[in-house]
Amino acid sequence: MRVTDIQRCDVRPGLLVEWTLSPDTVEAAARLPEDARPPAYVQESHIRTARSVREDGLFVPTWVGAAFDVPGAVDLDALQHALHTWTLRHETLRSGFRWDGGAMRRFTLDADAVRLRREVVGEFGDPRRLAGHLQDRFDVAADALDWPNFIYAAVVREDCASVYMAFDHSNVDAYSLHRIPAEVHEFYAAALEGRTVEQPPAGSYVDFCEAERADADRVDDGHEIVARWREFVARCDGRLPSFPVDLGLETEGKLPTQKLMQDMLGGAGEAAGFEAYCRPFGGSLVGVLAATAVIVREISGTDVYRTVVPFHTRAKSQWQDSVGWYVGGVPIEVDLSDGAGFEEALRRVRSALRENRRLARMPIARVLRLLGAEFRPTSPDLYSIVSFVDGRTVPASERWDELHAYGLLRVSYGDQVCVWVSRVHEGLQFAARYPDTGPALRSMERYLERLRELVAEVARASAGAREPGALV
């Protein structure tokens, strides 16, 4: 799905309907005993960061979501049944946390206790007003520090309904969002026809949290993985890496607002050519990272590019269909101080990823705790990322354009740059959150322009218009 925000996902007028967990469900959750399964480290870090920033006096919405159309005159009862069935399939959505002093304690509802409440909000004729209403509503209903922390909505028209589903990030990752349109469509079609969808149960992210944390807690500060991170953080001057361009940030300034930048880097042909050229080195992810290393050297003179690369942690098949936040990070360092060009950068990125790929299995929050450093979060993003996701193998991805399917970001506050490059059937899409300053805008515009140029140049080289090795 193309990554965007609620203002740019083709919001259209119609009758707004919402679904939230029913008051009886919320009341039942309040009476639940503790579930001994702990939060994942990434969940705990995310929620503690939100709490820390809130205590500093700033409300920073961090929800993510999915938007897509259901064609035709919608049957709201069938859609509600589909949303309810989908919710029950994923245990993390009926599991939350309470504070016990400084500790987070989990609770989890049984599936038979979960009910959705439907509310007709009213007609919206102005798309901007509707988009603003949805954003404000999602900010409250998908808050990291509250539960429940997700909400569903539909904007109903005679010829289709646009469905919006927003979640606190602790519940979902990009892969989870990618699968939502096909799954909800499947459950909706079954509800219309009065049948049940036969499929194996989805693995529980709550179970994964318990298993991952048990593994992480067996590691001490003398482990090789921790030593690797210690060396990396030391080379980043005791911090996790930021995007190495001028962002115009004040040293002791307030957390800045952010802007969204999005565009296509190239069409299907250019995306295929870029992938073909980079395939011997590991594919488009390696290509995007190598291109970034070359470009930031051009923009800022930074010879050594350091970043943390997101990788999924769905190592076992039981987690493939599960909704959750299955993401770890891999630290890499790409030294181009000798003036190396793009092709040599590809080799060096591939080498760095091969050397450090296994570090993704260790949650970064666990590593930071073992390092003993005071990483008190002051921003919702601990570090800058450049992420690549290929969505073309996701069920029904060939219909995403037709169904107006989008992955949604909440762009609010932050002092880091987060870049997402997505391979969709139509080509390569770029989206980024960046601090809303003049220098950051200029830096990001130059980065985007050069990245688009380099993708095109690499695609031409792949087609034989240039000799391999000639890229700079």
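Student: Contact means heavy atoms within 4.5 Å. With that settled, what does H169 touch, not counting residues up to four places away in sequence?

Tutor: H169 touches H46, T62, V64 and W325. Keep in mind that this is a predicted model, where local features need pLDDT of at least 70, side-chain atom pairs count only at pLDDT 80 or more, and totals for chains, interfaces and linings use all residues. Residues are numbered from 1 along each chain as its sequence is written, and side-chain values use heavy atoms, with hydrogens and water left out.

Student: Where does H169 lie?

Tutor: In the loop between β8 and α5. Helices (H or I, at least four residues) and strands (E, at least two) are DSSP runs, numbered from the N terminus.

Student: Is H169 buried, exposed or partly exposed?

Tutor: H169 is partly exposed, as its relative accessible area is 22%. Buried means under 20% relative accessible area, exposed over 50%, and partly exposed in between, with a 1.4 Å probe and protein chains only.

Student: What does its side chain reach?

Tutor: The H169 side chain reaches the backbone oxygen of V172 at 2.9 Å. That is a polar contact: a pair of N or O atoms within 3.5 Å; within protein, one must be able to donate a hydrogen and the other to accept it, and residues adjacent in sequence count only if both atoms are side-chain atoms.

Student: How far is H169 from H133 in space?

Tutor: 20 Å, C-alpha to C-alpha, with the two positions 36 residues apart in sequence numbering.

Student: New topic: sheets. What is the order of the 7 strands in the open sheet?

Tutor: The order is β1-β13-β3-β8-β7-β2-β6, and the pairing is mixed. Two strands pair if DSSP finds at least two bridges between them.

Student: Which strands are at the edges?

Tutor: β1 (2–5) and β6 (116–124), each pairing on one side only. Neighbouring strands in this sheet are turned by 25° against each other on average, direction ignored. Axes are lines fitted to C-alpha atoms, for helices over the stretch in contact, and angles run from 0 to 180 degrees between N-to-C directions.

Student: How many bridges join β3 to β13?

Tutor: There are 4, and the two strands run antiparallel. One residue to look at is A67, whose bridge partner in β13 is Y406.

Student: What does helix α4 lie across?

Tutor: α4 (residues 127–141) lies across β2, β3, β6, β7 and β8, at about 160° to β7.

Student: And α3, which of its residues are buried?

Tutor: A78, L79, A82, L83, W86, T87 and R89. Their cover includes β2, β6, β7, β8 and α5. At the start of α3, a side-chain oxygen of D75 comes within 3.0 Å of the backbone nitrogen of D77.

Student: How many strands are in the sheet with β9 and β12 at its edges?

Tutor: That open sheet has 4 strands, in the order β9-β15-β14-β12, with mixed pairing. β9 (258–267) and β12 (385–390) each have a single partner strand, so one side of each has no neighbour in the sheet. The average turn between neighbouring strands here is 15°, direction ignored.

Student: How many bridges join β9 to β15?

Tutor: 9, and the strands run antiparallel. G266 has L428 as its bridge partner in β15.

Student: Which helices lie across these strands?

Tutor: α8 (residues 268–278) lies across β9, β14 and β15, at about 85° to β9. α9 lies across β12 and β14, at about 155° to β12.

Student: How many residues are in the largest nonpolar core?

Tutor: 54, with F243, F342, L353, V419, F430, M444 and Y447 having the most contacts inside it. Helix α9 (residues 284–300) gives the most to this core, 11 residues. A nonpolar core is a set of buried Ala, Val, Leu, Ile, Met, Phe, Trp, Tyr and Cys residues joined through side-chain atoms within 4.5 Å. Apart from this core lies another, of 43 residues, including A66, Y152, M165 and W400.

Student: Last one. What span should α12 have?

Tutor: At 1.5 Å a residue, its 25 residues should span 36 Å, and its end C-alpha atoms are 36 Å apart, which agrees. The expected span is 1.5 Å times one less than the number of residues. At the start of α12, a side-chain oxygen of T437 is within 3.1 Å of the backbone nitrogen of A440. Just after α12, G464 takes a positive phi of about 95°.
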